[in-house]
Structures are given as structure tokens and as C-alpha cells.
Amino acid sequence: MPVTVVGSIAYDSVRTPFGARERMLGGAATHFALAASFFDEVRVVGPVGDDFGDDAYAVLRTRGTVTDDVEHVPGGHTFFWAGEYGYDLNSRDTLETRLGVFEAFEPKLSDGSRAADVVFLANIQPELQRTVREQCADARFVALDSMNLWIDVAREALVSAIASVDCVVLNDAELRQLTGKPNLVQAAREVRSWGPHAVVAKQGEYGAALLTDDRFFALPAYPLETVVDPTGAGDTFAGGFVGYVAAHPTEPVTHELLTRAMAYGTALASYNVEEFGTDRVARLRAEEVTARVAELERITHFVDAPIELRA
Ligand code: AMP
């Protein structure tokens, strides 16, 4: 069963302390698709302009991703984002956002994309996320990402989009901003009271936490010596996480299944940050993903040897 993703398909200009790139292929839907395509067929929904070239299409189609619902807008410009990171790679400054073809975008899904079993509403205008959610009425699992911009300018629409999904994937700071609750457990409980049964709090280089009902799970990021460009790590994580759910079509989406999905998201995200843009994940091999999942299992396991503590 296909995975449908709606979100930005972009050109990104990125500067980090380790180098800079101009107009490389990026976008939330792109990073998501590169990761999720390890698990199932991905169908990307989003607009591009005349500047979107064959090379970019070829990367987007990695591992069979279907681009029938990538709408080419004649005369338009592809979404453009420019950002800069300092030595703290957990925070970045947006230098420029040009919506381009996204300004007048109205998602119209083909029957194939509507029939998706699993859907990811990547970071875009919440009204568009809502439209896509409505078109995929029969989906078994729908997850949503967003960002501070939409919390600032479209909070009501975002809350309404969140109410229509099963799982929210947000940075921890955004969860706090969205709910006004400084404590992560309280913030996640508030979001769950709107509808979703699962909340994933992304914590950058510190990993990610999963909060469902009253259960909690956390994984550190995969330990790396070299991080070059964190752009797209969140979407790559989401691709692994949501893709893993898609790969288990007959299993109920329990807390336990989502903990395993977290490991795949974490492993994939760790590869994404090793090089600029889509470079590393586009040539990633399945066995490399499996190896890091196994390593994550090893490094997060411990056996207690209880001792008598002093009273
Ligand atoms: P991440 O690092 O996972 O948060 O995602 C980075 C990607 O999000 C980049 O490739 C950008 O093209 C894209 N992006 C940045 N700002 C926006 C925005 N306002 N709307 C949609 N996509 C965006």
C-alpha cells in the first residue's frame, strides 16, 4: 500500500560551519520520500516550477517514488529556502523563504494517492494539510509535522489539522510553543487531548521522544563524529518512522510498533546529516540502515544489577 506525502519540494541554499551549498534539492517531501521509499511505494504531492530539472526529478524518484502528483506550474518558481547554522547545529536561522508555486497551490490527489494506507502531512500551510487529509479519508495512519511559522501565523488552522491526524511529529520547542506548556509530558498530553494518540518530540542531536496514552519512550540520536548539514533530518526521521508503520499493514499501530519505527527514523536521519542535502540518503543502501538500527538497539540496552542503596 502506498505512502502519500504532501509537502515542500524545494531548492535550498544552506551554510553550516562545515561548508555551503547553493540551490541544492531539498524540501520536506523530498527528504521524507528518500527515507520512506525504503519501506514502500511513496507518492509525492506538491508543486514545482520551470526551474525543476530532470536531475531533481531523478533524485525524487529514487527507489521508485511516484511523481504523478508533482504538479508542474508553467512559468512558476520552485519553493526556495535559505538557512544558516552556527556551531550549535540544533538551531538555525532562516535567511529567506520564497513560496513561489506554493502560493497558489491547491492539492488535487490522483486516485492512487488518495488510496494511501499511510499519509504524511509534511510542514506546509495547515489549510493544505487539512485538504489532503480530507482527500485521504480511508488512511489507517496519518502523521503531521509543522513549524514555528505556522504556530505564529495560523495556529487555529494548525490545531484543526492536528485534530484530524493520528500522530504529531514536532520539535520539542515547537510543542511547547504550540501548547504554551513548558513541560514536554504536559505539552504532549494537551496535543493528545485534541485527537492524535501519539506525539513524537524531535530533540535534534539529543534524539526523539515518543508519548502515547500514558507511555513514554526515548531514543538518543545515533552517535556520529561528523555532522555536516542537519537540514532535512526531521523529515528523514519522519520518512523512516512513518515508512516503518506502512511496512506493517496488518499490525495495529501500538506504542510498541512506534518504538521500533523510532529506531528506523533515527537510523535514517543519522545518515542524512552526514552530507549536504539529499546526497547521502540518495545513495544509501538498505543494509546500512539495518546496521545502524542494530547498533541503536545495542547502545540503548542496559541490564540493571540492583544494589542495596543507603537509606
Ligand atoms: P527539516 O530540517 O527537517 O526541518 O526540514 C528542512 C526542509 O524544510 C528544507 O529542505 C526546506 O526546503 C523545507 N522548509 C523550510 N521552511 C519551510 C516552510 N516554511 N514550508 C515548507 N517547507 C520548508
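This is a short tour of a predicted model, moving from its main sheet to two cysteines, a hairpin, a pocket and one last strand.

**Stop 1: the big picture of the sheet**

Switch to cartoon view and look for the sheet built from nine strands. Which order do the strands follow? Going across, you should pass E5, E4, E1, E8, E9, E10, E11, E12 and then E13. The sheet is open, and its pairing is mixed. Now select residues 70-72, which make up strand E5. E5 and E13 stand at the edges with a single partner strand each, so one side of each has no neighbour in the sheet. If you look along the sheet, you can follow its twist, which averages 15° from one strand to the next.

**Stop 2: strand E10 and its neighbours**

Next, select residues 167-171, strand E10, together with residues 141-145, strand E9. These two pair in the parallel sense, with three bridges between them. Show a few side chains to see who faces whom: Leu-144 has Val-168 of E10 as its bridge partner, and Ala-143 stands opposite Cys-167.

Now add residues 198-202, which are strand E11. E10 pairs with E11 in the parallel sense too, over five bridges. One place to zoom in is Asn-171, which sits opposite Lys-202 of E11. Is E10 mostly enclosed or mostly open to the outside? Four of its five residues are buried, so the rest of the structure largely encloses E10.

**Stop 3: two cysteines that stay apart**

You have already met Cys-167 opposite Ala-143. Keep Cys-167 selected and add Cys-136. A disulfide is a covalent bond between the sulfur atoms of two cysteines. How many disulfides are there in this model? The count is zero. For Cys-136, the nearest cysteine sulfur belongs to Cys-167, and it is 16 Å away. Bonding would need the two sulfurs within 2.5 Å. Turn on a surface and try to find these residues from outside: Cys-136 is buried, with a relative accessible area of 0%, and Cys-167 counts as buried at 0% relative accessibility.

**Stop 4: the hairpin at the end of the sheet**

Go to strand E12, residues 208-212, and its partner E13. Here the strands run antiparallel, joined by five bridges. Pick out Leu-211 and you will find Phe-216 of E13 opposite. Then click on the turn: two residues lie between the strands of this hairpin, and Asp-213 takes a positive phi near 30°.

**Stop 5: the second largest pocket**

Stay around E13 and select Phe-217, Leu-219, Tyr-244, Arg-260, Tyr-264 and Glu-297, which are among the residues lining the second largest pocket. Which elements give two or more residues to this lining? They are strand E13 (215-219), helix H10 (255-272) and helix H12 (286-299). The pocket has a volume of about 250 Å³. Try colouring the lining by residue type: you should get eight nonpolar, two polar and two charged residues.

**Stop 6: Thr-94**

Finish at Thr-94, in strand E7, which covers residues 92-98. Thr-94 counts as partly exposed, at 44% relative accessibility. Now select Trp-81 as well and draw a distance between the two C-alpha atoms. The residues are 13 apart in sequence, and your viewer should show 7.6 Å between them in space.

Note on methods
Residues are numbered from 1 along each chain as its sequence is written. This is a predicted model: local features need pLDDT of at least 70, side-chain atom pairs count only at pLDDT 80 or more; totals for chains, interfaces and linings use all residues. Side-chain values use heavy atoms; hydrogens and water are left out. On a 1 Å grid over the protein atoms alone, a cavity is a set of points where a 1.4 Å probe fits but cannot get out, and a pocket is an open set with protein on both sides within 12 Å along at least five of seven lines; lining residues have an atom within 4 Å of a point. Grid points are joined across faces, edges and corners, and a volume is the space filled by probe spheres set on the points. Ala, Val, Leu, Ile, Met, Phe, Trp, Tyr, Cys and Pro count as nonpolar, Asp, Glu, Lys and Arg as charged, and the others, Gly among them, as polar. Buried means under 20% relative accessible area, exposed over 50%, partly exposed in between (1.4 Å probe, protein chains only). Two strands pair if DSSP finds at least two bridges between them. Axes are lines fitted to C-alpha atoms, for helices over the stretch in contact, and angles run from 0 to 180 degrees between N-to-C directions.
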